[in-house]
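Visitor: I am new to this structure. Could you take me through one part of it slowly, the nonpolar core and the helices around it?

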Amino acid sequence: MEDQQLIEQGTQAEMLLGNDAFTKTVNGLLDQYVSLFFSTDPLQNDEREVAYHSARAMQEIVNTLNQKVMMKNQILSAKE
């Protein structure tokens, strides 16, 4: 992938991470998954696994977006 594409992806990721609606949605979903996890009985493995994997997926989305922002910043710093 070319630098310009990586910069564009990083810019878009940064905008998404800065979007209040996106942040509130992600945080709301994470709260739901954590609440579900803690409201289940320890023997309810299936429900707990669904909550855990759902929360991990949300975290991975945010982590991937942050990586794109960091890559953009590294490319721009190297060009200075």
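Guide: Here is a walk through the core and then the helix that gives the most to it. This is a predicted model, in which local features need pLDDT of at least 70 and side-chain atom pairs count only at pLDDT 80 or more, while totals for chains, interfaces and linings use all residues. Residues are numbered from 1 along each chain as its sequence is written, and side-chain values use heavy atoms, with hydrogens and water left out.

The largest nonpolar core has eight residues: A13, F22, V26, L30, A55, M58, L65 and V69. Such a core is a set of buried Ala, Val, Leu, Ile, Met, Phe, Trp, Tyr and Cys residues joined through side-chain atoms within 4.5 Å, where buried means under 20% relative accessible area with a 1.4 Å probe, protein chains only. Two or more of its residues come from each of α2 (20-39) and α3 (45-79), and α3 gives the most, with four. Helices here are DSSP runs of H or I with at least four residues, numbered from the N terminus.

Now look at L30: leaving aside residues up to four places away in sequence, L30 touches A55, M58 and Q59, a touch being heavy atoms within 4.5 Å.

Next, the packing. The axes of α2 and α3 lie 8 Å apart at an angle of about 155°; axes are lines fitted to C-alpha atoms over the stretch in contact, and angles run from 0 to 180 degrees between N-to-C directions. So α2 is roughly antiparallel to α3, a word used for angles over 145 degrees. Among the residues that meet there are F22, V26 and L30 in α2 and A55, M58 and L65 in α3.

Technical notes: Buried < 20%, exposed > 50% of the residue type's maximum accessible area, 1.4 Å probe, protein only. Parallel < 35°, antiparallel > 145°, perpendicular 65-115°, else oblique.
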